[in-house]
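Thanks for asking me to look this one over. Here are my notes, meant to be read with the model open beside them.

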Amino acid sequence: DSAVMHARAAGDLEVLEAIVSVHGGQYFTIGRDATVEKWLEAFPPEHVLHSPGLNGLQCIKALHRGDESRARQWLRMLDTTLAAGAHTDATGTWSADVLHAALDERHVRRHQHGAVLDNRGLDGGPCPQTSAGACDR
């Protein structure tokens with residue numbers, strides 16, 4: 001947390017992004033959501049939109065809050081950012097794959113437990129359906 005504060009105080013967004021992108025996921029897994037949210041708020045919105053690592057963290061944040069729709073939006077942004085050739089290491093692509101799998105699993109579980117709230121697929125469009133009308137995802 002102190003490294004983030006120093007980079008933020010220095011106004012060095014590149015260093016701040018590197019620190020937050022590398023450590024944010026770990027902080028989410030140990031329940032430090034509020035800390036990661038505070039870190040993400042340190043960036044100008046435009047900077048977040050062009051950063052695969054920060055897009056991924058925003059997606060995780062939305063998942064932790066139970067906001068699947070917002071998570072899908074951030075995941076689409078991550079895919080767009082990666083497709084545009086944004087600078088990233090292998091972690092960006094790996095993170096996108098993991099987040100797609102997490103959202104897909106969450107979607108399947110919602111259907112299995114009868115808690116379907118909307119009938120949207122992961123891309124925000126209609127859920128693919130079988131001939132019987134059930135979701136085929």
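The points below go from overall confidence and fold to individual helices and residues.

1. **Confidence overall.** Please keep in mind that this is a predicted model. Its protein chain has a mean pLDDT of 78, with 72% of the residues at 70 or more. By element, the mean is highest in helix H3 (residues 33–41), at 94, and lowest in helix H7 (residues 90–112), at 68.

2. **Two stretches to treat with care.** The pLDDT is below 50 over residues 115–126, yet the model gives this stretch 34 contacts beyond near neighbours in sequence. Residues 128–133 also stay under 50, and here the model has 9 contacts beyond four places in sequence.

3. **The fold in outline.** The chain has 7 helices and 0 strands, so from the N terminus on the order reads simply α-α-α-α-α-α-α. Of the 137 residues, 36% are buried. If you take the contacts between residues at least 6 apart in sequence, 50% of them join residues at least 24 apart.

4. **The nonpolar core.** The largest nonpolar core holds 26 residues, and Leu16, Val20, Leu54 and Cys59 are the ones that touch the most other members. At least two residues of this core come from each of H1 (2–10), H2, H3, H5, H6 and H7. Leu54 gives a good view of the packing: leaving aside neighbours within four places in sequence, its contacts are Glu17, Val20, Ser21, Leu40, Phe43, His47 and Val48.

5. **The aromatic pair.** How many aromatic pairs does a search of the whole structure find? There is 1, formed by Tyr27 and Trp39, with the ring centres 4.7 Å apart and 50° between the planes, a tilted arrangement. Tyr27 sits in helix H2 (residues 13–29) and Trp39 in H3, so the pair ties together parts that are 12 residues apart in sequence. Tyr27 and Trp39 are both buried.

6. **The loop between H2 and H3.** Gly31 lies in this loop. Is Gly31 buried or exposed? Its relative accessible area is 56%, and it counts as exposed. From C-alpha to C-alpha, Gly31 is 9.8 Å from His64, although the two are 33 residues apart in sequence.

7. **Helix H5 (residues 52–64).** The 13 residues of this helix reach 18 Å from the first C-alpha to the last, close to the 18 Å expected at 1.5 Å a residue. Because 10 of the 13 are buried, H5 is largely enclosed by the rest of the structure. The buried set includes polar side chains such as Asn55, Gln58 and Lys61, alongside Leu54, Leu57, Cys59 and others. Just after the helix comes Gly66, with a positive phi of about 80°.

8. **Gln58, inside H5.** Gln58 belongs to H5 and has a relative accessible area of 9%, which makes it a buried residue. Its side chain makes a polar contact of 3.2 Å with the side chain of Lys61. Not counting residues up to four places away in sequence, Gln58 touches Leu40, Val48 and Trp74.

9. **Helix H6 (residues 68–83).** At 1.5 Å a residue, the 16 residues of H6 should span 22 Å, and the end C-alpha atoms are indeed 22 Å apart, so the geometry agrees. Its buried residues are Glu68, Ala71, Arg72, Trp74, Leu75, Leu78, Thr81 and Leu82. For reading such a list, recall that an α-helix has 3.6 residues a turn, so residues three or four places apart point the same way. After H6 comes Gly85, where phi is positive, near 85°.

10. **Thr81, and its link to H5.** Thr81 is in H6 and counts as buried at 6% relative accessibility. Which residue shares a side-chain polar contact of 2.9 Å with Thr81? The partner is Asn55, itself one of the buried residues of H5. Beyond residues up to four places away in sequence, Thr81 touches Leu49, His50, Ser51, Pro52, Asn55 and Ala86.

Note on methods. Residues are numbered from 1 along each chain as its sequence is written. Side-chain values use heavy atoms; hydrogens and water are left out. pLDDT is the predictor's confidence in each residue, from 0 to 100. Helices (H or I, at least four residues) and strands (E, at least two) are DSSP runs, numbered from the N terminus. Contact means heavy atoms within 4.5 Å. Rings of Phe, Tyr and Trp (its six-membered ring) pair if their centres lie within 6.5 Å; planes under 30 degrees apart count as stacked, over 60 as edge-to-face and the rest as tilted. Buried means under 20% relative accessible area, exposed over 50%, partly exposed in between (1.4 Å probe, protein chains only). The expected span of a helix is 1.5 Å times one less than its number of residues. A nonpolar core is a set of buried Ala, Val, Leu, Ile, Met, Phe, Trp, Tyr and Cys residues joined through side-chain atoms within 4.5 Å. A polar contact is a pair of N or O atoms within 3.5 Å; within protein, one must be able to donate a hydrogen and the other to accept it, and residues adjacent in sequence count only if both atoms are side-chain atoms.
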